[in-house]
Amino acid sequence: MIGFELTEEQSVYVRTAREFARTRMAPYAAELDRREESFFDWDIVRRFAEADLLGLPIPADYGGAGVDYLTAALVSEELGAGCAGMTVIAGTTWLALISIMLVGSDEQKARYLPRICEAGGRLAALASTETEAGSDIAAMRTTAARRGDCYVLNGAKHYITNAGLADFYVVFATTDPAKRHAGINAFIVDGDSKGLSMGRIEDKMGLRASRNAELILEEVEVPAENLLGEEGTGFLVLMQTLDTARPCLGAISVGLARAAFEAALSHARTREQYGRPLIENQGVSFMLADMATDIDAARLLTWRAAWLTDRAMDSTRASSMSKVCTTETAERVCSQAIDLFGAVAYSRDLPLEKYLRDAKAMTIYEGANLIQRIIISSAL
Ligand SMILES: Cc1cc2nc3c(=O)[nH]c(=O)nc-3n(C[C@H](O)[C@H](O)[C@H](O)COP(=O)(O)OP(=O)(O)OC[C@H]3O[C@@H](n4cnc5c(N)ncnc54)[C@H](O)[C@@H]3O)c2cc1C
């Protein structure tokens with residue numbers, strides 16, 4: 001059976017997250033969007049920590065809230081409506097945590113998961129992408145060579161969210177580039193490891209509250225016990241992690257689309273041209289109807305993907321569908337909202353143009369949408 005009622009606990013999470021987004025995120029969004037790339041606002045991390053949002057999916061045994069992925073998606077939608085850029089700071093932390101929760105040993109979980117729940121706020125990050133290895137992950141050139149009790153990592157990752165800020169990283173490196181996927185391994189790398197440094201910070205189009213930068217690894221010694229999962233299974237770890245996390249990424253996009261839609265609806269009700277509110281023109285009301293329908297459809301796909309994930313059922317196709325639908329809905333709805341506002345929304349005085357810039361990023365990261373279409377079509 002399928003039901004759409006939220007549990008009492010989920011309703012409380014939604015209400016709390018909505019209030020958090022309204023009071024603790026949205027008021028700062030424009031300012032952080034205009035910041036210099038080198039500036040990072042740790043206050044948002046502290047606010048996330050105070051609200052226990054960073055450890056949301058971490059099991060209670062390790063100090064987290066231990067919510068299921070459907071609840072995490074519900075919260076992600078609310079935060080995404082507040083500011084997608086700030087939300088991905090927490091979302092990327094969850095991404096790294098998910099790898100550890102999925103395949104980490106008891107010792108790895110006990111060592112790393114509680115750190116993120118500590119007072120004050122700490123971040124995590126996941127580093128796979130390289131300049132020559134984006135969608136084609138198996139082309140990565142960052143190497144891991146076994147030396148005694150350690151693996152020694154050398155290479156450079158780029159466009160890494162939370163780079164230079166994270167307490168620890170889940171880093172993907174190959175023990176043998178010729179083996180392609182089968183050579184890839186996942187490691188937990190402490191942020192203060194010798195030889196680990198941050199390179200160029202990206203001057204991004206959107207999601208500017210978050211930081212993306214190069215992560216440079218020069219002779220970084222990683223204890224062998226920090227290998228995540230079996231040797232040679234890193235590609236699988238990454239795919240499982242992304243499948244699991246995509247409903248939350250999708251939900252951020254739903255929140256972003258909802259924020260743009262709500263602004264457009266309110267504007268269409270109050271803005272008068274030709275002696276009547278915009279919404280009294282059927283063309284405008286139909287456009288709003290399409291936007292609302294698209295957002296609902298996108299939301300339902302994220303809920304299904306999260307529901308499957310929570311039941312440990314195969315969610316790969318559903319997660320990719322939710323990623324494609326939600327992110328492209330967000331891009332389209334944000335653009336339509338600007339259409340309904342006209343010139344005022346083209347200015348930075350309103351958040352609409354930021355919404356559109358933020359939405360574009362969502363179609364690219366955690367697996368670009370054309371790659372999601374490959375995953376979906378190969379499952380048909
Ligand atoms: C805001 C943001 C945050 C990010 N954060 C992280 C992070 O925290 N960690 C991390 O590791 N990475 C991160 N990334 C990188 C992201 O995962 C990659 O950008 C993404 O995987 C795509 O890789 P690419 O940019 O190299 O594009 P490419 O792989 O060069 O692809 C370019 C285009 O070609 C398409 N394409 C490629 N191959 C095929 C094919 N075989 N068939 C059809 N189409 C194809 C792609 O879909 C895409 O549209 C982030 C990126 C962004 C924009």
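Here is a short conversation about the ligand site in this predicted model.

User: What makes the pair between Thr-129 and the ligand a polar contact?

Analyst: Happy to walk through it! A polar side-chain atom of Thr-129 lies 2.6 Å from a nitrogen atom of the ligand. The cut-off for N or O pairs is 3.5 Å, so this pair counts as a polar contact.

User: How do you know that Ser-128 and Tyr-159 make polar contacts with the ligand too?

Analyst: By the same test of distance. For Ser-128, a backbone N or O atom is 2.8 Å from an oxygen atom of the ligand. For Tyr-159, a polar backbone atom is 3.1 Å from a ligand nitrogen atom. Both values are within 3.5 Å, so both pairs qualify. As for cover, the protein takes up 65% of the 970 Å² of accessible area that the ligand has on its own.

User: Why is the ligand said to sit in the largest pocket?

Analyst: The ligand is assigned to the largest pocket because more than half of its atoms lie within 2 Å of the grid points of that pocket.

User: What makes up the shell around the ligand?

Analyst: The shell divides into 11 nonpolar, 6 polar and 1 charged residues. Among the 18 residues there, Leu-126, Ser-128, Thr-129, Ser-135 and Thr-161 come nearest. Strand 1 (124-127), strand 3 (150-161) and helix 11 (369-378) each supply at least two shell residues.

User: Which domains does the shell draw on?

Analyst: Domain 2 (125-232) and domain 3 (235-378) each contribute at least three residues.

Definitions and conventions:
Residues numbered from 1 in each chain as written. Predicted model: local features only at pLDDT ≥ 70, side-chain atom pairs only at ≥ 80, totals over all residues. Heavy atoms only, no water. Near = heavy atom within 4 Å. Polar contact = N/O pair within 3.5 Å; in protein donor to acceptor, adjacent residues only side chain to side chain. Areas by Shrake-Rupley, 256 points an atom, 1.4 Å probe, with all protein chains shown as cover. 1 Å grid on protein atoms, 1.4 Å probe; cavity = no way out; pocket = protein on both sides within 12 Å on 5 of 7 lines; lining within 4 Å. Helix = DSSP H or I, 4+ residues; strand = E, 2+ residues; numbered from the N terminus. Nonpolar A, V, L, I, M, F, W, Y, C, P; charged D, E, K, R; others polar. Domains from an automatic or database assignment.
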